[in-house]
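This report describes salt bridges, helix packing and surface features in one structure. The sequence and the model are shown first.

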Amino acid sequence: MSHRSGAPRTESRRSFRSSGPSRWSQSRKRGIDGNLRSHSDDDDAAADEGLYGGRQSSFRTPESAGPVARCARRPDWGSQVEDEEEMRKDVHRDMQRYRRRILGSEPGQRERRASSGSSGSCDSREGETMETDEAVLMRRQKQISYGKNTLAYDRYIKEVPKHLRQPGVHPKTPNKFRKYSRRSWDQQIKLWRVKLHAWDPPAGGNQENSLSDNIEELDLEDMVDIELDFPTLADPQDAPSSSVVEDQDCSATPVKVQKTEDPSVA
Amino acid sequence: MENSSEDYRIQSFDVDTQKLLKTALKDPSSVDLEKVSNILVDQSLKDPFFSKEAGRICYTIVQGEAKQNNGTVFRKHLLNRLQQEFKEREETRKRSLQEWVCYVTFICNIFDYLKVNNMPLGALVLPVYDCLMRLAQPDALLNEEEVDCLVQQLHRIGEQLEKVNSQRMDELFFLLRDGFLLQEGLTSMARLLLLEILEFRAGGWMLSSTAHKYYYSEITD
């Protein structure tokens, strides 16, 4: 390594450096030297702003007003840890349910699913190749909860019953148990959140207008990639096992969300 | 034979307090857990020895309470107390370097011990990083006790911290490299400590045997 030159150069180098690595550098494909970055998907699995801090929340939507959240994250550490524990339990319970659904399905239904456009994966294998890394699932669940903890989401599920939802038109919650790269997952979340904005309360305007506005903002290339990752599963709908608790408890994982961790539900 | 007093290093407490702590260990719900958490935090801030060891007793009480009645009272008080001290850390540092160093040691010890399902507490990660970053600031690097505290914590929990947030670790090490290279007024011991931690992390959170020899062997004339 060459000998460092005098004060002025190191001063300016230090002031540049003190701003830290570029906020967006994590999501760039190539580093500053031009070489491809290795995407350590699992390494930074937990390095999310929500759970362990770090990587910028690249899933924030372009909206200037920002999503209207129902309630904020609890500020004291004691509660944060409790919420985290609860989310962990939820994720594990969801995982059991999902496994049972995927692995316990009838041969007939399995055939139907395979032919409805899923990218070739046979469902009996899906159970084996599902995402099980707890840190990843927690991070994803957190991202999903952020989206569901909005007035837009509330209005959406009230307005559009499941049987009337059209793929591509109506937002659909990304399935956290499927294997996706970090980048693909974050993109799916981003698009899902954007679509949900169409149901923002009054200031957001007419549903149709907002939707087309948002779509124009998106890079078509991204949309094409994502559609392939969103196979439509013609799933038999599970009856929710627990009733919706309509309380005002402001925790990071809204109680309301807990009943529907059925991955096909938007 | 009761070996809890040795395991939990509670010799520095007076006899009555030791009794209280032993009861808390055996039967958490029978004691005032808020009081117990305050006792443990207060002592950790005063006693450098205890601040390194408090994690174990805290963990045992948390586990005990959870097993007994699924309670989280002790943990909640402990964490909220930690949070309060965290908010006031800059004043603490101005007032007493030792107390500040004890605080960092303590919070890192808690981070190390208090795991849930083998995963570290999410709420503590950024605060711990904030503390370490503070120790890596130019004014702190001038104090050997702060540098010593910093490298000790990185030895103990650096690898875990990096796993949950590598970006912050990178930022911390930018500061450490800068400090090592550019900071004037560092003692040679401070430089040695920094160099060793730079090598330690570069080696995947361990030292090669030759590096270990360099830093840790007795020098014979």
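## A salt bridge between helices H12 and H11 of chain B

Arg201(B) and Asp170(B) form a salt bridge in which the closest N and O atoms are 2.8 Å apart. Arg201(B) belongs to helix H12 of chain B and Asp170(B) to helix H11 of chain B, so the pair ties together parts that are 31 residues apart in sequence. The structure is a predicted model.

The two partners fall into separate accessibility classes. Arg201(B) has a relative accessible area of 14% and is therefore buried, the limit for this class being under 20%. Asp170(B), at 31% relative accessibility, counts as partly exposed.

## Other salt bridges of chain B

Helix H11 of chain B also takes part in a salt bridge through Arg168(B). The side chain of Arg168(B) meets that of Asp130(B), at 3.2 Å from N to O. This pair links distant parts of the chain: Asp130(B) is in helix H8 (residues 122-135) of chain B and Arg168(B) in helix H11 (residues 166-182) of chain B, 38 residues apart. Asp130(B) is partly exposed, with a relative accessible area of 25%, while Arg168(B) is buried at 17%.

A network of salt bridges links Glu90(B), Arg93(B), Arg134(B), Asp139(B) and Glu146(B). Over all chains, a search of the whole structure finds 21 salt bridges.

## Packing of helices H10 and H12 of chain B

Two packed helices are described by the angle between their axes and the distance between the axes. For helix H10 (residues 144-164) of chain B and helix H12 (residues 188-202) of chain B, the angle is about 5 degrees and the axes are 9 Å apart. H10(B) is therefore roughly parallel to H12(B), a term that covers angles under 35 degrees.

On the side of H10(B), the contact is made by Glu144(B), Val147(B), Asp148(B), Val151(B), Leu154(B), His155(B) and Glu162(B). H12(B) contributes Met189(B), Ala190(B), Leu193(B), Leu194(B), Glu196(B), Ile197(B), Phe200(B) and Arg201(B). Arg201(B) thus has a part in this helix contact as well as in the salt bridge with Asp170(B).

## A nonpolar surface patch on chain B

Met189(B), Leu192(B) and Tyr214(B) make a nonpolar surface patch of about 310 Å². Met189(B) is also among the residues of H12(B) in the contact with H10(B). Tyr214(B) lies in helix H13 (residues 209-216) of chain B and is exposed, with a relative accessible area of 59%.

## Helix H7 of chain A

Asp186(A) and Arg182(A) form a salt bridge, with 3.2 Å between the closest N and O atoms. Both residues lie in helix H7 of chain A, four residues apart, which is about one turn of the helix. Each partner is buried: Asp186(A) has a relative accessible area of 5%, and Arg182(A) has 4%.

Leu196(A) is placed in helix H7 (residues 182-196) of chain A. Leu196(A) is buried, at a relative accessible area of 3%. Leaving aside residues up to four places away in sequence, Leu196(A) touches Gly147(A), Ala152(A), Tyr153(A), Tyr156(A) and Pro171(A). From Leu196(A) to Leu151(A) the separation is 45 residues in sequence and 9.6 Å in space, C-alpha to C-alpha.

Definitions and conventions. Residues are numbered from 1 along each chain as its sequence is written. Chains are lettered from A and ligands numbered from 1 in the order in which they are written. This is a predicted model: local features need pLDDT of at least 70, side-chain atom pairs count only at pLDDT 80 or more; totals for chains, interfaces and linings use all residues. Side-chain values use heavy atoms; hydrogens and water are left out. Patches are made of residues with over 30% relative accessible area and no salt bridge: like charges are joined within 9 Å, nonpolar side chains (Val, Leu, Ile, Met, Phe, Trp, Tyr) within 5 Å. Accessible areas come from the Shrake-Rupley method with a 1.4 Å probe; for residues, only the protein chains shown count as cover. A salt bridge is a side-chain nitrogen of Lys or Arg within 4 Å of a carboxyl oxygen of Asp or Glu. Helices (H or I, at least four residues) and strands (E, at least two) are DSSP runs, numbered from the N terminus. Buried means under 20% relative accessible area, exposed over 50%, partly exposed in between (1.4 Å probe, protein chains only). Axes are lines fitted to C-alpha atoms, for helices over the stretch in contact, and angles run from 0 to 180 degrees between N-to-C directions. Angles under 35 degrees count as roughly parallel, over 145 as roughly antiparallel, 65 to 115 as roughly perpendicular and the rest as oblique. Contact means heavy atoms within 4.5 Å.
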